[in-house]
Amino acid sequence: MLDSKPLLIVREFPALARAELQTLQVNLGYLCNLSCTHCHVNAGPKRTELMDRATIELVLDVLKIRNVKTLDLTGGAPEMNPHFRYLVTEARKLGVEVIDRCNLTILLEAGYEDLAQFLADEGVNVAASLPCYTQDNVDKQRGKGVYDASIEGLLKLNKLGYGMAGSGLSLDLVYNPGGPFLPPAQAALQADYKVRLREDWAIEFNELHTITNMPISRFGSMLMSKGQFNEYMQLLIDNFQPQNLATVMCRTTVSVDYLGNLYDCDFNQMLAMPIQQGAQPRQLQDLLGTDLQGEAIVVAGHCFGCTAGQGSSCGGAL
Ligand code: SF4
Ligand code: SF4
């Protein structure tokens, strides 16, 4: 795989500082039942890196001590970490909102048949990738058969009340472009998704979040191998919107890798650009003493992906 990091760190980006910590985004490991072409963590069924129980306990301590509002669980398929259910249950006991970044197909895998019921019982919000509402595009990006499995997963969640008015169970869908272009306007695409999924499958969901593809990891490598890297970077730079700087997710989120190292976001995590104190990378324990407010955020060329056009974050457009 080609590494886009050397091409990104030479780019200048406006300075950013951290605000009050609100969200802990925890990567529970790189194990996943899928291997999508756009995956920025290069996750897959053969990855063995998983967060251990001691680090999970530290996550819970930080949630408690820092009064964190939201625990955002990612992977890989976060549900494949053997401590996933323990972490969710304990975080919910603390009154923390929990988001499960779910690829939908995991809900149908052998051994995970009761996962959807567990999520509903714990009141976990589900953010599910569905990069398009057409079968061709989804299967191209995520693998053959993924579209059908995703629809089945969504129907399973709907049956439990997810995405239904008044249920309190939130089901958001996540869209990312199938190539080197910016996402369309979020509100208009959400309206299209609602109509198509309702008419074709009687599926309901809450919000659609559009996310810009980052020129890193597997997608960055694909751009480089096709000679499209510079063109895509220029697209991001040409669409820079300074007003998005105030709301980029790194201002209020800390990203944690499976070993407990801290990053300003998931993308910096994948680029191995940790939050540092002097020459030392910061660790989860550090959050027991400080929420890092006021500290400088580690920025580089990929940050233009968060500020282009309508802006982009794990919660969609800014
Ligand atoms: S489902 Fe998500 S984590 Fe798994 S390979 Fe696809 S993009 Fe990566
Ligand atoms: S990539 Fe986005 S979220 Fe990450 S540090 Fe840059 S601006 Fe912040």
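**Entry 1: the ligand**

I began with ligand 1, which is surrounded by 10 residues, the closest being Cys-32, Leu-34, Cys-36, Cys-39 and Arg-142. I noted at this point that I am reading a predicted model. When I sorted the shell around ligand 1 by class, I got 5 nonpolar, 4 polar and 1 charged residue.

**Entry 2: helices α2 and α3**

Next I looked up helix α2, which covers residues 53–65, and found that its axis and that of α3 come within 10 Å and cross at roughly 15°. Are the two helices parallel or antiparallel? I wrote down α2 as roughly parallel to α3, because angles under 35 degrees count that way. The crossing of α2 and α3 is right-handed. On the α2 side I listed Arg-53, Ile-56, Glu-57, Val-59, Leu-60 and Leu-63 as making the contact, and on the α3 side Tyr-86, Leu-87, Glu-90 and Ala-91. By class, this contact of α2 with α3 holds 7 nonpolar and 3 charged residues, with no polar ones.

**Entry 3: helices α3 and α4**

I then followed α3, residues 84–93, to its packing with α4, residues 115–122, where the angle is about 15° and the axes are 10 Å apart. These two helices are therefore also entered as roughly parallel to each other. Which hand does the crossing of α3 and α4 have? I found that α3 passes α4 in a left-handed crossing, whereas the crossing of α2 and α3 is right-handed. The residues of α3 that make the contact with α4 are Phe-84, Arg-85, Val-88, Thr-89 and Arg-92, and those of α4 are Leu-115, Phe-118, Leu-119 and Glu-122. I counted the classes in this contact of α3 with α4 as 5 nonpolar, 1 polar and 3 charged.

**Entry 4: the end of β2 and the loop after it**

I moved to Thr-74, which lies in strand β2, residues 70–74. Is Thr-74 buried or exposed? Its relative accessible area is 5%, so I recorded Thr-74 as buried, the limit for that word being under 20%. Setting aside neighbours within four places in sequence, I found Thr-74 in contact with Gln-25, Val-26, Asn-27, Leu-28 and Gly-29, and also with Arg-101 and Asp-266.

Further along the chain I checked the peptide bond from Gly-75 to Gly-76 and found that it is cis, with omega near 15°. Gly-76 itself is in the loop between β2 and α3. I made a note of this bond because most peptide bonds are trans.

**Entry 5: two leucines with positive phi**

I looked up backbone angles next, bearing in mind that most residues other than glycine have a negative phi. Leu-104 has a positive phi of about 70°, although it is not a glycine. I placed Leu-104 in the loop between β3, residues 97–102, and α4. With 0% relative accessibility, Leu-104 counts as buried.

Leu-292 also has a positive phi of about 70° without being a glycine. Where does Leu-292 sit? I found it in the loop between β10, residues 280–281, and α11, residues 304–307. Leu-292 is buried, its relative accessible area being 0%. Leaving out neighbours within four places in sequence, I listed its contacts as Arg-18, Val-254, Leu-262, Ile-275, Arg-282 and Leu-287.

**Entry 6: Cys-306**

I went on to α11 itself, where Cys-306 is found. Cys-306 has a relative accessible area of 11%, so I entered it as buried. Its contacts, not counting residues up to four places away in sequence, are Met-214, Asn-244, Val-248, Phe-267, Gly-311, Ser-312 and Leu-318. For a sense of distance I also compared Cys-306 with Asp-52, which is 254 residues apart from it in sequence and 31 Å apart in space, C-alpha to C-alpha.

**Entry 7: the start of the chain**

I finished at Met-1, in the segment before α1, residues 5–9. Is Met-1 buried or exposed? Its relative accessible area of 67% makes Met-1 exposed, since that word applies over 50%. Which residues does Met-1 touch, once those up to four places away in sequence are not counted? I found Asn-42, Ser-217, Arg-218 and Ser-221. Between Met-1 and Ser-217 I noted a separation of 216 residues in sequence and a C-alpha to C-alpha distance of 8.1 Å in space.

Key. Residues numbered from 1 in each chain as written. Chains lettered and ligands numbered in written order. Predicted model: local features only at pLDDT ≥ 70, side-chain atom pairs only at ≥ 80, totals over all residues. Heavy atoms only, no water. Helix = DSSP H or I, 4+ residues; strand = E, 2+ residues; numbered from the N terminus. Buried < 20%, exposed > 50% of the residue type's maximum accessible area, 1.4 Å probe, protein only. Contact = heavy atoms within 4.5 Å. Near = heavy atom within 4 Å. Nonpolar A, V, L, I, M, F, W, Y, C, P; charged D, E, K, R; others polar. Axes fitted to C-alpha atoms, helices over the stretch in contact; angles between N-to-C directions. Parallel < 35°, antiparallel > 145°, perpendicular 65-115°, else oblique. Left-handed = near helix turned anticlockwise from the far one by under 90°.
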